[in-house]
Amino acid sequence: MGRSFTRLERVLNLEAQQGYKNKAVVGGIRQFATFWVGQAREEAVDEADRALVEQVAEALLDYGRLPGVEARKKAVDSLTARLKTRQERLGTKAAPAKPVRQREKPERPQKQERPSQKERPSRREPQPKPKPKQERRAAPPAAKKAKPKPKPVREKPPEVRLLPPLDPDLAGLAQPVTAIKGVGPKLAEKLDRLNAETIWDLLHVFPRRYDDYTLMKPIKDLTYGEQVTVIGTIWETRARRTRANQIIVHSIISDGTAKIQATWFNQKWLVDKLKAGMQIVLSGKVDQYLGRLVFNSPEWEPLEMDPLLTRRIVPVYPLTEGLTAKKMRQVMDTAVTRWSRHIPDPLPDSIRQRRNFYQLHQAIQEIHFPATQDSLHRARTRIIFDELFLLQLGMQSQRHKWQAQPGIPLAADETALAQFRASLPYQLTNAQNRVVDEIANDMAQETPMNRLLQGDVGAGKTVVAAAAMIIAAKAGAQAALMAPTEILAEQHYAGLNELLAPLGIVTCLLTGSTPAAEKAQIYAALASGEIQVAIGTHALIQEAVTFDKLALAVIDEQHRFGVDQRQALREKGAETANGKPNPHLLVMSATPIPRTLALSLYGDLDLSVLDEMPPGRQEIKTRWLRHSERERAYAFIRGQIEQGRQAYVIYPLVEESDKIDAKAAVEEYERLQNEVFPKAKVGLIHGRLKSSEKEAAMRAFNAGEIDILVATSVIEVGVDVPNSTVMLIEGANRFGLAQLHQFRGRVGRGEHQSYCILISDAETAVAEERLQALEQTNDGFILAEKDLEIRGPGEFFGRRQSGLPELHLASLLDINMLEIAQTEAADLFAADPNLEKPEHELLQKSVAKFWEQAGDVS
């Protein structure tokens, strides 16, 4: 059966014996799946096997999310049945025939060609048909000794059947997409919305998923929990409203063998799209409702080709208004046929051969129009490696450049630090002491410190920053802290001045609101060195500001600043041995990022993590309510306000939208003030307000002039209001876990017990998993890992991080590939740090192109 499949069978049996509690293996079935899938892919003997591996992996990864024992039992039974079917298909004693089947099965995609590929030369050689059949019939049970012989066939990479590359043509690839036959100005405009301006860009618009028609199943054979694609005809489509005013669209689809219901939520426009009689392709996970198999929110598209004839893996691309799936595939087919073989391959041959990667042109061909699941997997592997490899090379280069510059060594005054620790009304945690030591060691070096300080909300980053400032000030230098908003700067100033003044360290606050006369005094005192620590906003980087000897720059919530702003603060630093400013740099982030991901994204920074909360920090009680229980939440807030407390109410949108059925802050603010809390003072803050208006609203809330602050995500990072005890988040399913945790961190800053109430407007499995996780823990790092697991890095950050290249396909969750990329990058960098060798010329250009939009990470 193969070791991986045997192990899977044992795990499933044990899970059944233990009552489906997801405890058959340490870490749960999902953890087992991440290790199992790699080995299973290697042991897969044919095309059907490879598809089975992917489907089983999907089911295993979702196992922990299944609601209750009954659903888990059905999933285990289904997987067990599939393993049995596989055994019967291969034959319990027909092990020698495995490689033969593997050679026989790939005939399927070779038998037909895509209609749109008539001009393309065949990329694959025909394979003999009679021999496998004869061998399969003749293979006797006693022929097990013959098993090892065919193994090389299974391991033979598919690229040997593909066309060789042509001469690189960078000029041709840089042409606008209108150079492609059939692409005019109007179509080019649509492609531009997909960020495809040139032919090179277009070739890197990868499919978002694939419909595998080679293994398509009739509806009658569907089983619960599997990820499938089906083709059928719509019988009827209708919409209804729930008691919660939610619109649900149902379609009944039949393929002649059976019928199935597909359901979509809050998409009323589908009623006009999905007409009875229309042929449709559905892709999604088979779910269950009231004992019947259903699809919930499946992907769909009209049937515009005949997959039953082509019987191949069809790419499904991202689309835009006016661009159909069929047209996009035609354009891609033309582009791949004409241009993929002209793409230069920057990867050194030694790495490609050592790792058994596809050539780049092969990977591009197969990722767009894969012949098999195996060739698709290998194409993705190559392109993912390239992205991570270029990312790591860029990181290595930035780190090398930074460390090559001289710094300003500052010896720590241990007496002053001891006095500082003694002055605190609490003891520093072990984590805080460890990080202070790391920073002191960095600042004493000839090379400048370049450190990222990560800590959960309330972990005590400000105290650590204060220790770094003491080291700078007592060594005769200056320090500056730049915060993204005036309120945050004021909060830092109040806290740091209280910590530093007793040690004789002079501080100042410099923001846009500082009066002109006071600014002039501050400018003079900074230039003379009288002020040792400056705390402020962007006002710190104005041209008029000069420092006597700025040796430490601290940037809070660093992702809120652009590259230019961070660089401008650095340039205020004191001159070093090479005549250039190069202060020690400490960047702080309250957004927990899993350590592996942080090392990938900030590979040029040293990482310090405050992974221990100060004692006495109270846990915020978190509850997830159904939308029908909203009145309970309102009643609770009324009770808190009557006790003199304050509350936040967060909404996902500023104003109502026709496209998104979610509550919006502006309309709800008026309703809450007039109908729900008429006796309370309700305020409003959102991203479209002017900075001065946002600051005014936050000041009023901080001063207790507002009881309830209605807000959007603009409140995610902000001022501490110790009297606020309730955080109510509407549409909580629309936010990421890390963001929800940041919202929650706005309360619980004072002596009173605080609460976070989550109200979801959609009850999907993913939303339930996310909100349950928030209920179960207050640990931001655990939640960040979970959020990354659920949503992946792209959505995890919400938008592209300043200073980082965009990853199109790579997942930083792929720890194995990440480690391979880091290892290869480190080895190459050690041998040729500037990529100056002739064989690395193309790689040097690729790194520069990859990073050209990224700038400075820190």
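Buried here means under 20% relative accessible area, exposed over 50% and partly exposed in between (1.4 Å probe, protein chains only). Helices (H or I, at least four residues) and strands (E, at least two) are DSSP runs, numbered from the N terminus. The model is predicted: local features need pLDDT of at least 70, side-chain atom pairs count only at pLDDT 80 or more, and totals for chains, interfaces and linings use all residues. Residues are numbered from 1 along each chain as its sequence is written, and side-chain values use heavy atoms, leaving out hydrogens and water.

**Exercise 1.** Find which residues of helix α18 (residues 414-423) are buried, and work out why they sit on the same side.

*Solution.*
- Start with the buried set: Ala416, Leu417 and Phe420.
- Now look down the axis: these residues share a side of α18 because they cover an arc of only 100 degrees, taken from the directions from the helix axis to the C-beta atoms.
- Flip to the face turned away, and you meet the exposed Glu414, Thr415 and Ala422.
- Finally, see what the buried residues pack against: α20 (461-474) and α21 (486-500), with contact meaning heavy atoms within 4.5 Å.

**Exercise 2.** Trace the open sheet of 7 strands and place α21 on it.

*Solution.*
- Strands pair if DSSP finds at least two bridges between them; the order is β11-β12-β10-β13-β14-β9-β15, with parallel pairing.
- The edges are β11 (507-510) and β15 (606-610), each pairing on one side only.
- Zoom in on β10 (residues 478-482) and β13 (residues 550-556), a parallel pair with 5 bridges; glutamine 478 has leucine 550 as its bridge partner in β13.
- Now add α21, which lies across β10, β11, β12 and β13 and runs at about 175 degrees to β11. Axes are lines fitted to C-alpha atoms, for helices over the stretch in contact, and angles run from 0 to 180 degrees between N-to-C directions.
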